[in-house]
Amino acid sequence: MLLLLCSKPSMLWLLSVVVTARVSNAAAGKPKLIDYGSACESRDNAVSLRSSTAATPDGPEPGDLAAAFSVPTLDGVFSYQPGALQGPLVVHAFSNKSGFLECMWSSESSLISLVEELPNSTQVLFLSLDDSAVSDALWMREQLQRVAMHRNKEVLSRLHFSPVPVFALGNWIPNVLYYWRCTGRGCVFSQVVFKSEGWKMPIIIKRLDARYDWLSPRGEPRSYQLLDAGDGCEPSPSVAGALAWVSEGNCSFFTKVQNMAKSNASAVLVYALPGNPIQDMNCVEDECDTTLAIPAAMVHLEVSVAQALEFGQPVYVSFQNTPSPNFFMGIDHQGALAEMGWFIYPSFSFINWQAQWFDFYAALQTKLQSPAKVVSVFDKVQMQGAKGAVATVALPIALSDFDVLELDASLSCPGRRDSSCAHWDHTVQLFVCCDPLGPYCNTELGRWITAFRRGIGRWLTDVSALIPLLDSNKCSLTMKTVPWAMPWVVSLNLRFSVGNRTDDKVEKLRPFRVMPLYSGGTFDKNYNKRFRPTKVSVPASTKKVELYAVITAHGYDDNRCGEFCVTSHYFLINDAFNNTLTFDSAGTPLGCTLRVKEGAVPNEHGTWLYGRGGWCDGLQVDPWRTDVTKQLNTSELESNTVVYFGLFQGKDPNPSKDPGYIIMSSFLVFYK
């Protein structure tokens, strides 16, 4: 991808752009759930996944190659030419009609995230959907210039601001933005409609709903009577059954919404004080432990509404969502068009995370070019139902020549858009059976977690330690998830290769036997009663023994176990050596965002950002491997004992209801 920025006297040709300029009216505690600061505070409170390159008749689709284009910017002409691999390009189209985008651009934490965390490989082209494109471009550049100078970061050379509105670009970009329109939280015009007798027309203004992982209810499509409740810092019984009209300030958003819920209000509208931007309403720290089942949103103060309420004139309110063009699109390292996913809250972090994934995917493509004997198992096969996807394959004849086995797996969707992808996150397991009568038949070879309504996942997982499972020249492989899940399209290759040798003096070892140990189960008070010590004799000629385990925790009991609680898993050898795996990132607000660079699919639906018990949405489950050779008596005449147990907060789990569960495959692997 070649990006050219041709310098020209920008203001000379700016005069030829006929638009209506306007100045934005948006001025430029630590949340427990998302842990991102007050996301929109006032500054004063500061397998190939590619599709055919031929575009559909209606417009380009994700996976199509991006055509060349040029766009005037404040610093010259920005030109994109496909071909040179210089990194991804993100295109963002701003609109002042969106409360979500206003918040994203007025939030210091959001702006800082772009300046501090945008990958060095990535460039961003900023556009405007509105007539006010000139003032929009100048304002956006000023916002980021100010933050970059304050943080002493050089990022502006990779940020390009166009004063030409999207509808006047004269290239293919408008087609994509309009054709790819979505109805998600971050790319729709969310609005409030006010009506009152005597008004000739309703008043329609933009709104931003409270953070959904704090307040999941949304305003119903019906009419509410609007009643003034002051600043909402105290209960107001008069608003019972009505929509409470509350000013910002003097107490937290949580306090306002909680008081209105106690007052039996049907919903809450918090209006920004004059000169302040719309903010991202969220809970802070311990507030987040209290459930509030009431819709809430933030809007700007509308003078006519305030006056009507002051004079006792009835005002009625309804909520509506108007479809909009998409505000974001991407072009990856390979020059393919890409969706940017779902922006859960107003922050440029979501651009950064998608850009990180572009970098991951480019690096993965490079890895897949390394020499390997590739055995194709599934090539875009639908996986659904109890059977899943099943195939029988022939293995390489000289299997002993290889000491590396990697699983190249991808999960895509029935359609080309993320909107066609399966809802919810599910565990996907790969089982292998090479000898139906042998001890290893239907042993788990790999595990992944599906993304929530995104279809870009592809991963390379090293399972070399399990090569002994392939004990025949033909093997049957089954890849499946829960039978009620929506369909996924799976691709899988087995990659056999020879590992790199960095020290010729070190003896080359190869796994020759696998001994199954323990599986998981329901994580309740009886969990550890299921497990008994296992006797282990080390085979002759063994030079190394490895503990190998794939463990994930699921479910949600009264302790949030096992998905969001910290569990520890212990393998005690010979009553003396304790090997421990602890999921210490489980429940952390941004735990899985830290794994995007490893391949975790970003910008999914749901709460994909949170750390989980040994897994993340849209990611492979990496095996846990540890050398236990010195912990064992290696003489065939002596036996060893291994015992497993799992704990929550250092004790046996003891939930009062709805216990979670552990999925586990564990082995001792013997090398010679």
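Biologist: How many residues of each class, nonpolar, polar and charged, are in the lining of the largest cavity?

Modeller: The general idea is that rolling a probe the size of a water molecule over the atoms shows where empty space is left. Here the lining has seven nonpolar, two polar and two charged residues (Ala, Val, Leu, Ile, Met, Phe, Trp, Tyr, Cys and Pro are nonpolar, Asp, Glu, Lys and Arg charged, the others polar). This is a predicted model, where local features need pLDDT of at least 70 and side-chain atom pairs pLDDT 80 or more, while totals for chains, interfaces and linings use all residues. Residues are numbered from 1 along each chain, and side-chain values use heavy atoms, without hydrogens or water.

Biologist: What is the volume of the largest cavity, and which residues line it?

Modeller: Its volume is about 60 Å³ (a cavity is a set of points on a 1 Å grid where a 1.4 Å probe fits but cannot get out, and lining residues have an atom within 4 Å of a point). The lining consists of Glu444, Leu445, Gly446, Arg447, Thr461, Val463, Leu466, Tyr548, Val550, Val621 and Pro623. Strand E20 (443-449) and strand E26 (544-554) are the elements that give two or more residues to this lining, and E20 has the largest share, with four (strands are DSSP runs of at least two residues, helices of at least four).

Biologist: E26 turns up again in an open sheet. What is the strand order there?

Modeller: The four strands run E24-E32-E26-E30, with antiparallel pairing (a pair needs at least two DSSP bridges). Strand E24 (511-523) and strand E30 (624-627) each have a single partner strand, so one side of each lacks a neighbour in the sheet. From one strand to the next, the twist averages 20°. Between E26 and strand E32 (residues 660-671) there are eleven bridges, and Ile551 has Met664 in E32 as its bridge partner.

Biologist: Now the closed barrel: in what order do its strands run?

Modeller: Follow E7-E8-E12-E11-E10-E9-E13, seven strands with mixed pairing. Neighbouring strands are turned by 40° against each other on average, direction ignored. Strand E8 (residues 203-209) and strand E12 (residues 296-300) are antiparallel over three bridges, with Leu208 opposite Met298 in E12. Helix H2 (residues 99-106) packs on the sheet, where H2 touches E8 and E12 (contact means heavy atoms within 4.5 Å). Its direction makes about 55° with that of E8 (angles run from 0 to 180 degrees between N-to-C directions). Helix H7 (residues 303-310) also packs on the sheet, touching strand E7 (188-195), E8, strand E9 (224-228) and strand E10 (243-247), and its direction makes about 75° with that of E9.

Biologist: Which backbone values should I look at in the loops?

Modeller: Most residues other than glycine have a negative phi, and most peptide bonds are trans. In this model, Glu285 has a positive phi, near 50°, and lies in the loop between strand E11 (267-272) and E12. The peptide bond from Cys561 to Gly562 is cis, with omega near 0°, and Gly562 belongs to the loop between E26 and strand E27 (567-573).

Biologist: And how many aromatic pairs does a search of the whole structure find?

Modeller: It finds 36 (ring centres within 6.5 Å; planes under 30 degrees apart are stacked, over 60 edge-to-face, the rest tilted). Among them, Phe126 and Phe161 are stacked, 4.9 Å centre to centre with 15° between the planes. This pair links distant parts of the chain, 35 residues apart: Phe126 in strand E5 (residues 123-128) and Phe161 in strand E6 (residues 159-165).

Technical notes. 1 Å grid on protein atoms, 1.4 Å probe; cavity = no way out; pocket = protein on both sides within 12 Å on 5 of 7 lines; lining within 4 Å. Points joined across faces, edges and corners; volume = space filled by probe spheres on them. Phe/Tyr/Trp six-rings, centres within 6.5 Å; stacked < 30°, edge-to-face > 60°.
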